[in-house]
Amino acid sequence: MQPGTAEAETHAAWVQLVGPGRDASIRVITDDTRCPTLKADGANLPMQVRAAPRPLFKPGTEAPPASFLILTCEVMAPSGTSSIVLDGQRLPLAPADIRRIVVFGDTGCRINKKKKKMQNCDEDWPYQKIARHAAEARPDLVIHVGDYLYRESCNAETTDCSKTPTGYGWEQWRDDFFRPSAPLFAAAPWIVVRGNHEICTRAGEGWFRFLDHARPADTCTPMSSFFTVALGGLGFVIMDSGQIAKENAGDNDDDDDDDDDNDDSAVSVNPDDTVSALRDNYAEISSRIPSPAWLLTHAPFNAVKLDKKTGSDEIVNTIQQQAIGDLLSKDIEMIVSGHVHVFEALSFADARPPRPSQLVVGTGGVKLAKKPDKPEDIGGIPVSDALIVKDFAYIVWDRDGTTWRGELFNADGLQIAQCKLAEHALTCKKR
């Protein structure tokens, strides 16, 4: 439906934690001409326009053309509110004590004209199943580590492009992310991380319309400010690393595929400027990091991928470790990322100074990558424990005192690995 029609439809409604502390933003996407009014503990809570059905950015902004004939609404949940209701449906707020967390990322269905082999969104794309099974786990929190939209362009010579709309507008965001995420929106509040598919030259406009933690401006920001969230004994540091997620150059037609690197402008960014931006953004929040905390960033600090040319492991990204690795608070126990389309759990128990463990869960639905070998070290730092799994999957973390125990489930909801996080030590084993 278009704005102004008699019967309006709510396309999506969710709760997003945006910090500081446990501050929650309620967001709604509708084709109505006005934002709805919620009920907060029985009192009216009018929503405000976050993004109108017109171009978000001013002319001249480096962003691809995209159509958003929908209204995005937002309101902050009043402090101390215990109930938020939209059209008779209760929206999930964060409990006082977070005990169960679902984590995944890289969830879209890849349609890209530079790839000869497209992902079949009807048969080979499991995100809808993953979201449904994850919702059945009844989490207290959902974390998405980035890359939401993959239906970017279509090669009519190899694909029936009429079956799947491609581009960067509402239709693609709806089909790739919002529609299949509905069960999890109803189950728990979310923390979302920007990926390289949401940079300004790709799906950046949708990111700022719908998901960025701050109110959108009239220009696209290459790197948003970092922020923190604190929830009942566990905190989160959320980094925007979308612009610096760096892939190998070149295209690949293998069934096992890595990211669409030729679509990223990130490789042209001045490394010195990126290092400065990372340090400045981290300095802004360094005094507010909760204890203990997980650092959420799309691009991993310490992970490996398979080099397509040599067949050997290579470190995925070094610029974040170079920029702020030695500055990270000792309260950060684990770095949680996506970007690499396999599951990786890497621990550095013998590192001096201590180094947080690295978890990679880029397995939420997009075509998987080739599986790298278990690394003996990352940049000269010994890896004390490692597990790498190639499977579509999500992980469920449960609090056990001061320890967190994780279970990795495949797209059918079957457990395939078990993990344990005790302070900085992450250990995992296949089931």
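Strand 7 (residues 84-86) and strand 8 run antiparallel and are joined by three bridges, and in this pairing Val85 has Arg90 of strand 8 as its bridge partner. Strands, like helices, are DSSP runs numbered from the N terminus, with at least two residues (E) for a strand and at least four (H or I) for a helix, and two strands pair if DSSP finds at least two bridges between them. The model is predicted, so local features need pLDDT of at least 70 and side-chain atom pairs count only at pLDDT 80 or more, whereas totals for chains, interfaces and linings use all residues. Residues are numbered from 1 along each chain as its sequence is written, and side-chain values use heavy atoms, with hydrogens and water left out.

**The four-stranded sheet**

- Strands 7 and 8 belong to an open sheet of four strands with the order 4-3-7-8 and antiparallel pairing.
- Because strand 4 (43-46) and strand 8 (89-91) stand at the edges with a single partner strand each, one side of each is left without a neighbour in the sheet.
- Neighbouring strands of this sheet are turned by 40° against each other on average, direction ignored, where axes are lines fitted to C-alpha atoms (for helices over the stretch in contact) and angles run from 0 to 180 degrees between N-to-C directions.

**The seven-stranded sheet**

- An open sheet of seven strands follows the order 12-13-14-17-19-18-22, and its pairing is mixed.
- Its edges are formed by strand 12 (227-231) and strand 22 (385-389), each of which has a single partner strand, so one side of each is left without a neighbour in the sheet.
- In this sheet, neighbouring strands are turned by 15° against each other on average, direction ignored.
- Strand 17 (residues 332-337) and strand 19 (residues 357-361) run parallel and are joined by four bridges, with Ile335 having Gln358 of strand 19 as its bridge partner.

**Backbone geometry in the loops**

- Most residues other than glycine have a negative phi, and most peptide bonds are trans.
- Asp87, in the loop between strand 7 and strand 8, has a positive phi of about 50° although it is not a glycine, and at 62% relative accessibility Asp87 counts as exposed (over 50%; partly exposed lies between 20% and 50%, with a 1.4 Å probe and protein chains only).
- His339, in the loop between strand 17 and strand 18, has a positive phi near 75°, and at 6% relative accessibility His339 counts as buried (under 20%).
- A cis peptide bond with omega of about -10° joins Ser291 and Pro292, and Pro292 is found in the loop between helix 4 (271-285) and strand 14 (293-296).
- Arg352 and Pro353 are likewise joined by a cis peptide bond, with omega of about 0°, and Pro353 is found in the loop between strand 18 (343-347) and strand 19.
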